[in-house]
Amino acid sequence: MENKRKVIRIINLLIIFLIILFFFLNKVTVAVTLLIIFLFGNIIRLILKRSREMELFNQRIYLFSFIMILLFGILGLKLAQVQLMKHEKFADMAKNQSYGKYYLNGKRGKILDSRGMELAYDIDIYKVIIDPKRFYVLEKKNKIVTELKKIKPFTIKNFKTKLKDNYSKNKRYMKIINKVDEVQKNKIDEILSMYKIKSNEIYFEHSTQRKYFSYHELAPIVGFMGAYSGEERRKLGAYGIERYYDKYLKRNKIEKNGYYTNLRKLLLPSDKKNNDFLEKDGNNIQLTIDYYIQYILDDEMQKQFEKVTPKSAVGIIMDPSNGKILAMSSYPRAENIAYLNNRAIRSQYEMGSIFKPIIMAAAYEEGVINDSTRLDNPDGYIMRYGHKIRDSDSHGIGQISPQTVMRVSSNVGMSLISEKLDSLTFERYLKKFNLYDKTGIDTFGELAPRQLPYKKWDGMKKYTMSYGQGIAITPLQMIASLATTVNGGIYYEPYLVDSIKSPAGVTIKKNIPDPKRRVISKETSKKIREMLKETVEKGTGRNGGISGYSIGGKTGTAQISGRGGYLKQEYMSSFIGIFPSENPKYIVLIMFEKPNAENYWRKFGAWVAAPVFKNTLSRILKYKGITPENVDVLEGGDYTNTLPENIDLDVLPDFRGNGVRLALMIANKYKIEIVIDGRGQIIDQSPKPGTKIEDIKKIKIKLR
């Protein structure tokens with residue numbers, strides 16, 4: 001017995017020595033294992049020794065209790081091993097099994113007009129997918145298919161045959177419907193709920209689609225989306241605003257992490273947020289374009305385009321005081337968007353007589369002419385360098401003033417004025433009016449001008465340029481330079497985007513008017529405005545006038561060049577108009593290339609382009625509520641056509657003391673139809689003042 005005890009002591013000491021040794025060798029796992037063996041071995045020895053002294057029943061109870069404690073002890077030790085000694089290993093295993101990445105795809109930013117109307121935006125669309133392995137075994141699968149087809153026809157042909165084939169091949173993916181919108185998705189969800197489809201037999205794949213409002217009028221401006229970029233994994237903007245501001249509009253793809261249920265199908269909620277500060281949607285672009293003004297311009301351009309069937313047509317409306325583009329129209333429109341062409345910035349034309357205000361302004365600014373200047377034109381033509389320069393009629397014959405040159409659109413008069421400017425000075429003003437460079441407008445595809453330096457001009461170059469022939473520029477260059485002649489003499493860079501805002505409404509970028517340089521003095525600019533007003537009231541621009549309104553303008557009829565010279569009776573017919581003439585807030589350019597008419601003189605700008613200006617401006621005045629009696633509202637800058645939201649009216653006021661504008665604002669706020677008859681002051685109204693507004697369906701205003 002004594003020898004047995006000695007052996008046990010030696011073994012215990014040896015184990016203790018090994019435990020200490022392995023701890024020092026950093027073999028913690030081995031040391032702990034030996035420690036467990038040591039403790040359990042001695043406990044078992046003591047229990048067995050004591051159990052021999054007990055009765056049989058107690059001995060069994062004692063041994064059973066010991067075994068249970070031993071099992072729980074082993075389990076506890078195992079838990080300790082997992083939680084303490086191998087915590088990192090098992091934590092990583094758990095994370096790999098239940099923790100994973102997922103992605104949030106945002107929407108591309110919106111493109112809005114100046115009033116906030118959505119012109120381009122993303123919508124949610126879905127693909128309907130079935131799992132053939134699960135769907136095929138459903139008892140009511142045929143009824144489900146019948147219900148789904150009522151929502152939208154299947155994109156897959158021979159569905160039943162292919163379903164069976166995919167089931168036999170153990171396939172798990174089969175697309176049955178493409179491009180389902182939110183309304184259709186909700187109907188499909190109701191069907192799935194009705195048939196208790198809950199195990200992904202049928203499910204959806206989400207994506208987005210770009211939609212455009214009234215694309216016919218807006219395509220050349222807004223543009224379109226192009227090819228898919230594998231590098232960026234998205235479609236890229238391919239034209240117009242979509243392309244120029246693509247980096248601001250593009251959506252963001254945000255990587256996030258989360259815990260999933262078994263098979264990683266259901267994302268579990270988590271208190272830990274990550275990347276929540278990132279915006280997944282693109283930024284929103286707000287244009288300077290007013291959609292209703294754009295619609296009016298485009299509608300009038302289209303009607304005249306169909307009437308005179310020209311080769312092309314361009315219309316632009318701009319605020320000359322700051323360079324904002326309010327509308328821009330271009331015809332014809334290609335059915336295939338790949339051939340879309342914004343001719344306002346992509347085509348160059350010889351402008352004809354609408355170019356004359358630029359050279360007239362340069363001559364006044366240089367002091368080579370003034371109101372007292374008289375130009376000799378005894379025969380209605382002059383000979384220069386073997387070429388005859390003549391006027392289209394006899395209105396400019398004799399001694400004529402600069403005012404008369406503009407009013408009757410005399411080519412001879414402009415040629416004589418150009419002689420007073422040397423070529424270097426002439427070119428310097430062309431550059432100051434930005435006719436040698438792009439305008440820099442913030443959209444894709446502006447064409448660069450190609451002008452000859454003055455040292456390469458032939459003898460006739462300066463003469464022909466003075467009346468708008470022999471120099472080709474874009475319509476946008478034309479209107480920007482003409483705006484300079486009437487806005488006080490400052491060249492503003494035209495622009496299409498007012499601001500860029502985040503999805504939360506925070507302004508990221510704000511475009512402000514960019515006065516590049518002073519070109520002419522305020523006095524010279526005033527002189528040009530007076531000439532343009534006189535041209536509409538007494539000269540070639542009469543067809544652009546509107547009774548009761550102060551309007552300035554200039555017609556243009558440029559011969560179109562071809563092989564071997566200018567084409568006979570083929571014209572670029574144009575009109576440039578400003579309103580109001582004293583302090584212009586609108587400048588409008590209308591152009592038709594090669595219009596058709598029975599009589600050649602019906603192809604002139606006065607007959608083709610001026611009426612479009614008149615009709616367009618008339619509709620804009622009505623839209624803005626600008627009548628002859630309140631046209632002065634434009635003189636201070638911004639104006640509104642809307643009653644403040646906090647003003648409520650119960651009865652109709654007397655408009656004779658307040659004007660047409662109040663009637664328009666009331667009609668706009670309370671959605672009442674309004675009819676205005678005549679021009680001038682209000683002499684009658686129906687219903688009478690004091691009528692309850694809630695009972696009114698239509699307001700009639702009579703003016704005289």
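**A walk around one predicted protein model**

Hi everyone, let's start at Lys179, whose place is in strand 4, residues 174–180. Before I go on, please keep in mind that this is a predicted model. So what is special about the phi of Lys179? Lys179 is not a glycine, although its phi is positive, about 55°. Is Lys179 buried, exposed or partly exposed? With 45% relative accessibility, Lys179 counts as partly exposed, because that class sits between the 20% limit for buried and the 50% limit for exposed.

A second residue belongs in this part of the talk, and that is Asn200. Here phi is near 60°, again a positive value in a residue other than glycine. Asn200 sits in a loop, the one between helix 8 (182–194) and strand 5. Its relative accessibility is 34%, so Asn200 counts as partly exposed.

Now let me zoom out for a moment. How many helices and strands does the protein have? There are 23 helices and 27 strands. The protein has 704 residues, and buried ones make up 45% of them. The accessible surface comes to about 37400 Å², with 52% of that belonging to carbon and sulfur atoms. There is also a nice number on how the chain folds back on itself. Take the contacts between residues at least 6 apart in sequence: 70% of them join residues at least 24 apart.

Next, salt bridges. Side chains of opposite charge can pair when their charged atoms come close. How many salt bridges does a search of the whole structure find? The search finds 32, and I have picked three pairs to show you.

Pair one is Arg210 with Glu242, whose side chains meet at 3.0 Å, N to O. Arg210 is in strand 5, residues 202–212, while Glu242 is in helix 10, residues 240–244, so this salt bridge ties together parts that are 32 residues apart in sequence. Both of these residues are buried. Arg210 and Glu242 also belong to a network of salt bridges, which links them with Arg108, Asp122, Arg234 and Asp246. If you have the structure open, those six are worth finding on your screen.

Pair two is Lys624 with Asp290, a salt bridge at 3.8 Å, N to O. Which parts of the chain does this pair link? Lys624 is in helix 22, residues 610–624, and Asp290 is in the loop between strand 9 (284–287) and helix 12 (291–308). These are distant parts of the chain, 334 residues apart. Lys624 is buried, and Asp290 is buried too.

Pair three is Lys533 with Glu582, where the closest N and O atoms are 3.0 Å apart. Lys533 lies in helix 20, residues 522–538, and Glu582 in the loop between strand 23 (565–579) and strand 24 (586–593), so the salt bridge ties together parts 49 residues apart in sequence. Are these two buried or exposed? Each falls in between: Lys533 is partly exposed, with a relative accessible area of 25%, and Glu582 is partly exposed as well, with 41%.

Please stay with that loop, as there is something else to see there. Pro580 lies in the loop between strand 23 and strand 24, and the peptide bond from Phe579 to Pro580 is cis, with omega near -20°. Another cis peptide bond runs from Ser686 to Pro687, with omega near 0°. Where is Pro687? Look in the loop between strand 26 (682–686) and strand 27 (698–703).

Let's finish on the surface, with two patches. Which residues form the positive one? They are Lys140, Lys143, Lys196 and Lys198. Of these, Lys140 lies in the loop between helix 5 (132–135) and helix 6 (141–151). Lys140 counts as partly exposed, because its relative accessibility is 46%.

The other patch is nonpolar: Leu14, Phe17, Leu21 and Leu25 together have about 390 Å² of accessible area. Leu14 is found in helix 1, residues 2–24. Like Lys140, which is partly exposed, Leu14 is partly exposed, here with a relative accessible area of 49%.

That's my tour, thanks for listening!

Terms used
Residues are numbered from 1 along each chain as its sequence is written. This is a predicted model: local features need pLDDT of at least 70, side-chain atom pairs count only at pLDDT 80 or more; totals for chains, interfaces and linings use all residues. Side-chain values use heavy atoms; hydrogens and water are left out. Patches are made of residues with over 30% relative accessible area and no salt bridge: like charges are joined within 9 Å, nonpolar side chains (Val, Leu, Ile, Met, Phe, Trp, Tyr) within 5 Å. Accessible areas come from the Shrake-Rupley method with a 1.4 Å probe; for residues, only the protein chains shown count as cover. A salt bridge is a side-chain nitrogen of Lys or Arg within 4 Å of a carboxyl oxygen of Asp or Glu. Lys and Arg count as positive and Asp and Glu as negative; His and the chain ends are not counted. The place of a charge is taken as NZ of Lys, CZ of Arg, CG of Asp or CD of Glu. Helices (H or I, at least four residues) and strands (E, at least two) are DSSP runs, numbered from the N terminus. Buried means under 20% relative accessible area, exposed over 50%, partly exposed in between (1.4 Å probe, protein chains only). Contact means heavy atoms within 4.5 Å.
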